[in-house]
Every structure is written in structure tokens, then in C-alpha cells.
Amino acid sequence: MGKKNLIFQFKVEYLRLGLTKPEIAKYLGISLPTLNLRIKDPLNFTIINLLKLKKLGFNYDYYGQLLSEFKIDSSKKTL
């Protein structure tokens with residue numbers, strides 16, 4: 001699953017929940033520019049951010065996609 005799909009899925013989720021990006025940023029305790037950067041590169045979301053998104057009602061499928069990206073990214077690391 002690529003970053004473009006994760007970006008699209010994030011938008012689908014916040015629209016489904018009737019939220020705006022400024023509302024999400026405020027709930028996460030981050031600035032809107034920071035949220036935009038994290039949406040563009042979802043691997044920059046912190047565990048706390050992900051837990052808060054889950055509390056907001058973000059779908060589990062979004063987390064599954066994020067976790068698969070973490071696994072792919074981790075497998076590319078070398079010593």
C-alpha cells in the first residue's frame with residue numbers, strides 16, 4: 001500500500017467522520033502544518049497520534065495500512 005493510498009484513505013476517514021483538518025490538528029495537539037506533513041508522510045504519525053485518531057473514530061483499515069507501511073519501511077533498513 002503506497003503513501004498516495006494512505007493520503008487518500010486519511011481524507012476519506014475525516015470526511016466520513018464529518019471532521020475538518022483544523023479540528024483534527026487541535027484534537028491531536030499539533031499545528032495544521034504539522035498535520036499536513038504527517039498526512040503526506042504517515043510514518044511520521046506518533047503512536048499517541050494514532051491512538052487519538054482511533055478515539056476520533058478512524059477506521060481500523062487505516063491502521064492496518066499504516067502498520068503494513070511501517071513493516072515495509074523497517075525491512076528496508078540496513079546496518
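Which residues of the largest nonpolar core touch the most other members? I started my notebook with this, working on a predicted model. The core has 13 residues, and those touching the most other members are Phe10, Ile24, Leu28, Leu35, Phe45 and Leu53. I then looked up where the core comes from: helix 1, helix 2 (21-28), helix 3 (32-40) and helix 4 (47-56) each supply at least two of its residues. Helix 2 gives the most, with three residues.

**Entry: overall layout**

I went through the elements from the N terminus on and read α-α-α-α-α. That is five helices and zero strands. The protein has 79 residues, and 30% of them are buried. I also looked at contacts between residues at least 6 apart in sequence, and 59% of these join residues at least 24 apart.

**Entry: helix 1**

I took helix 1 next, residues 3-16. Its 14 residues reach 20 Å from the first C-alpha to the last, close to the 20 Å expected at 1.5 Å a residue. Which residues of helix 1 are buried? I noted Leu6, Gln9, Phe10, Glu13 and Tyr14. Seen down the helix axis, these buried residues fall within an arc of 130°, so they line one face of helix 1. An α-helix has 3.6 residues a turn, so residues three or four places apart point the same way. On the other side of helix 1, I found Lys4, Phe8 and Leu15 exposed. Just after the helix, Gly18 takes a positive phi of about 70°.

I also checked Lys11, which lies in helix 1. At 45% relative accessibility, Lys11 counts as partly exposed. Its C-alpha atom is separated by 8.9 Å from that of Ile39, and the two residues are 28 apart along the chain.

**Entry: Glu13 and its salt bridge**

Is Glu13 buried or exposed? I recorded a relative accessible area of 2% for Glu13, so this residue is buried. Glu13 lies in helix 1. Leaving aside residues up to four places away in sequence, Glu13 touches Gly57, Phe58 and Asn59.

I then counted salt bridges and got one. Arg16 forms a salt bridge with Glu13, and the closest N and O atoms are 2.7 Å apart. Side chains of opposite charge can pair when their charged atoms come close. Arg16 and Glu13 are separated by about one helical turn, because they are three residues apart in helix 1. The burial of Arg16 was my next check: at 49% relative accessibility, Arg16 counts as partly exposed. The cut-off for exposed is over 50%, so Arg16 does not count as exposed at 49%.

**Entry: helix 3**

I repeated the burial check on helix 3 and found Leu35, Arg38 and Ile39 buried. Seen down the axis of helix 3, these buried residues fall within an arc of 105°, so they line one face of the helix. The face turned away from this buried side carries the exposed residues Pro33, Leu37 and Lys40. Which helices do the buried residues of helix 3 pack against? I noted helix 1, helix 2 and helix 4.

**Entry: aromatic rings**

How many aromatic pairs does a search of the whole structure find? I got three. A pair of aromatic rings is described by the distance of the centres and the angle of the planes. For Phe10 and Phe45, the ring centres are 6.0 Å apart and the planes are at 20°, so I logged the pair as stacked. The pair links distant parts of the chain, with Phe10 in helix 1 and Phe45 in the loop between helix 3 and helix 4, 35 residues apart. Both Phe10 and Phe45 are buried. I also noted one aromatic cluster, formed by Phe10, Tyr14, Phe45 and Phe58.

**Entry: cross-check**

I went back over residues that came up in several places. Phe10 is among the buried residues of helix 1, is one of the core residues touching the most other members, and belongs to the aromatic cluster. Phe58 is in that cluster too, and is one of the residues that Glu13 touches. Leu35 is buried in helix 3 and is listed with Phe10 in the core.

Technical notes: Residues are numbered from 1 along each chain as its sequence is written. This is a predicted model: local features need pLDDT of at least 70, side-chain atom pairs count only at pLDDT 80 or more; totals for chains, interfaces and linings use all residues. Side-chain values use heavy atoms; hydrogens and water are left out. Helices (H or I, at least four residues) and strands (E, at least two) are DSSP runs, numbered from the N terminus. The expected span of a helix is 1.5 Å times one less than its number of residues. Buried means under 20% relative accessible area, exposed over 50%, partly exposed in between (1.4 Å probe, protein chains only). The arc is that of the directions from the helix axis to the C-beta atoms. A salt bridge is a side-chain nitrogen of Lys or Arg within 4 Å of a carboxyl oxygen of Asp or Glu. A nonpolar core is a set of buried Ala, Val, Leu, Ile, Met, Phe, Trp, Tyr and Cys residues joined through side-chain atoms within 4.5 Å. Rings of Phe, Tyr and Trp (its six-membered ring) pair if their centres lie within 6.5 Å; planes under 30 degrees apart count as stacked, over 60 as edge-to-face and the rest as tilted. Contact means heavy atoms within 4.5 Å.
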